[in-house]
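These are my notes on the model, set out as numbered points. Please read them with the structure open.

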Amino acid sequence: MGRTYLFSEDANGRVREVKVDPKHLDKQLREERAAGRTPTVLDEDERIRFGQLTNDLNNR
């Protein structure tokens, strides 16, 4: 199994990466939502695809 990434976006649009505890991912997601942030969970392949998409959009 690959690495899991958790990104959290606040109301101002700032995104930060949160260290993932695989055993408590559900709890982490609940805590992020309770704090008013939008959590997104990605695996390694999804993270690479999102990075490539971002680069493509930035180069337009």
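1. A nonpolar core is a set of buried Ala, Val, Leu, Ile, Met, Phe, Trp, Tyr and Cys residues joined through side-chain atoms within 4.5 Å. In this predicted model, the largest such core has 5 residues, namely Leu-6, Val-18, Val-20, Leu-25 and Leu-29. Each of them is buried, because membership of a core requires it.

2. Overall layout. The protein chain holds 2 helices and 3 strands, and their order along the sequence is β-β-α-β-α. Along the principal axes, the C-alpha atoms fill a box of roughly 40 × 35 × 10 Å. Of the 60 residues, 20% count as buried. Among contacts between residues at least 6 apart in sequence, 47% join residues at least 24 apart.

3. Leu-25 and Leu-29, two members of the core. Leu-25 belongs to helix H1. With neighbours up to four places away in sequence set aside, Leu-25 is in contact with Val-20 and Val-41. The C-alpha atoms of Leu-25 and Thr-4 are 9.7 Å apart, with the two positions 21 residues apart in sequence numbering. Leu-29, under the exclusion of neighbours within four places, is in contact with Leu-6, Pro-39 and Val-41.

4. Gln-28 also deserves a look. This residue lies in helix H1 and has a relative accessible area of 14%, so Gln-28 is classed as buried, the cut-off being under 20%. Leaving aside neighbours within four places in sequence, Gln-28 is in contact with Leu-6, Val-18, Lys-19, Val-20 and Asp-21. Of these partners, Leu-6, Val-18 and Val-20 belong to the largest nonpolar core. Gln-28 itself cannot be a member, because Gln is not among the residue types that a nonpolar core admits.

5. Is Glu-32 buried or exposed? The relative accessible area of Glu-32 is 7%, so the residue counts as buried. Glu-32 sits in helix H1, which spans residues 25-34. The side chains of Glu-32 and Ser-8 are joined by a polar contact of 2.5 Å. Not counting residues up to four places away in sequence, Glu-32 touches Ser-8, Arg-16, Val-18, Arg-37 and Pro-39. Val-18 in that list is one of the core residues, and Pro-39 is also in contact with Leu-29.

6. Glu-9 makes a useful comparison with Glu-32. Glu-9 is in strand E1 and is partly exposed, because its relative accessible area is 34%. The two residues are 23 apart in sequence, and their C-alpha atoms are 9.1 Å apart. Glu-9 touches Arg-14, Val-15, Arg-37 and Thr-38, not counting residues up to four places away in sequence. Arg-37 is also among the residues touched by Glu-32.

7. What lines the largest pocket? Its lining is made up of Phe-7, Ser-8, Glu-9, Val-15, Thr-38, Thr-40, Leu-42 and Phe-50. By class, these divide into 4 nonpolar, 3 polar and 1 charged. Strand E1 (4-9) and strand E3 (38-43) each supply at least two of the lining residues. The pocket holds about 150 Å³ of space. Ser-8, one of the lining residues, is the partner of Glu-32 in the side-chain polar contact.

8. Asp-10 lies in the loop between E1 and strand E2 (15-18). At a relative accessible area of 21%, Asp-10 is partly exposed; the buried class ends under 20%. A polar atom of the Asp-10 side chain lies 3.0 Å from the backbone nitrogen of Asn-12. Asp-10 and Asp-56 are 46 residues apart in sequence, with 24 Å between their C-alpha atoms.

9. Arg-47 is in helix H2, which covers residues 44-58. Its relative accessibility is 35%, so Arg-47 counts as partly exposed. Not counting residues up to four places away in sequence, Arg-47 touches Tyr-5, Phe-7, Glu-17 and Leu-42. Phe-7 and Leu-42 are both part of the lining of the largest pocket. The C-alpha atoms of Arg-47 and Ala-11 are separated by 22 Å, and the two residues are 36 apart along the chain.

Methods
Residues numbered from 1 in each chain as written. Predicted model: local features only at pLDDT ≥ 70, side-chain atom pairs only at ≥ 80, totals over all residues. Heavy atoms only, no water. Helix = DSSP H or I, 4+ residues; strand = E, 2+ residues; numbered from the N terminus. Buried < 20%, exposed > 50% of the residue type's maximum accessible area, 1.4 Å probe, protein only. Polar contact = N/O pair within 3.5 Å; in protein donor to acceptor, adjacent residues only side chain to side chain. Contact = heavy atoms within 4.5 Å. 1 Å grid on protein atoms, 1.4 Å probe; cavity = no way out; pocket = protein on both sides within 12 Å on 5 of 7 lines; lining within 4 Å. Points joined across faces, edges and corners; volume = space filled by probe spheres on them. Nonpolar A, V, L, I, M, F, W, Y, C, P; charged D, E, K, R; others polar.
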